[in-house]
Amino acid sequence: MQFYVWLRLWLSLILLNLTPCLLADELRVVTHVLPPYTVLEDQRLSGSSVDLVYCTLNSLNQPYSVTVRPVSRAEQQLELGLMDMFFIASETSARSAVAAFSQPVAYARRMLYGLNEHLPTMNDAQIRQLTVGVLHGSAMHRWLLDQQFPHIKSRYNYHILFEMLDRGRIDSVLAPEDVYQQELSDQHIRQKLYSKLMKYIPIGVYISHTWLAEHPGFMAAFNQHLQICKKTNSKPAER
């Protein structure tokens, strides 16, 4: 009987010592500014995807820190192991080599915008004659480069790209429809633009394979709580 008492005491001490270590594992999160998904105003992050990610992590009682970087640098820091989570992102083979893609935070309509009513599709050879504006370092930018599009203009935010389109410096902008609607709401677009749907894609969160290997079950728990937050449309407490 005394042996079992000592065994229970020994196990309790082990758990007591381990628990603070587990709770102290801070998740290093990196994101980029992409209204309306992620908005940075007065050093405060907000936006539809920010609300969902914060809600999910808070409901998991997961300690985390958040850093804002340009999308290309954010992705690079994830690849180098300097960050554990990257959002908001579409799924690509390069990203999936170092991280796992969560269940969708949302779905995005990837559109081609232009001043000409008769916009080509991606499979139309005419599209290669256009000067296409795209967010620098984004999945769309990488795809255009991989497909060897001859006339690409990349910039670090969509406001500049739509301004270039408005002034006739480029022929089109490849952008999510939600981003276009945000630019329209902010009155950054002055001319009538025509659009054509290119692709309908899920967007979500990437979590590094290293973090997931060290925290088994984390992705399943994250996805479960993400769905709860999406249904309740909960918002997090102030950070």
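**Exercise 1.** Which residue pairs with Arg 95 in a salt bridge with a closest N to O distance of 3.3 Å?

*Solution.* Start with the criterion: a salt bridge is a side-chain nitrogen of Lys or Arg within 4 Å of a carboxyl oxygen of Asp or Glu. The partner of Arg 95 is Glu 75, at 3.3 Å from N to O. Next, place both residues: Arg 95 belongs to helix 4 (residues 93–96) and Glu 75 to helix 3 (residues 71–79), so the pair ties together parts that are 20 residues apart in sequence. Helices here are DSSP runs of H or I with at least four residues, numbered from the N terminus.

The model is predicted: local features need pLDDT of at least 70, side-chain atom pairs count only at pLDDT 80 or more, and totals for chains, interfaces and linings use all residues. Residues are numbered from 1 along each chain as its sequence is written, and side-chain values use heavy atoms, with hydrogens and water left out.

**Exercise 2.** Is Glu 75 buried or exposed?

*Solution.* Apply the cut-offs: buried means under 20% relative accessible area, exposed over 50%, and partly exposed in between (1.4 Å probe, protein chains only). Glu 75 has a relative accessible area of 3%, so Glu 75 is buried. Arg 95 is buried as well.

**Exercise 3.** Which residue does Arg 142 form a salt bridge with?

*Solution.* The partner is Glu 75, with the closest N and O atoms 3.1 Å apart. Arg 142 lies in helix 5 (residues 139–146) and Glu 75 in helix 3, so this pair ties together parts that are 67 residues apart in sequence. Arg 142 is partly exposed, at 33% relative accessible area.

Conventions
Helices (H or I, at least four residues) and strands (E, at least two) are DSSP runs, numbered from the N terminus.
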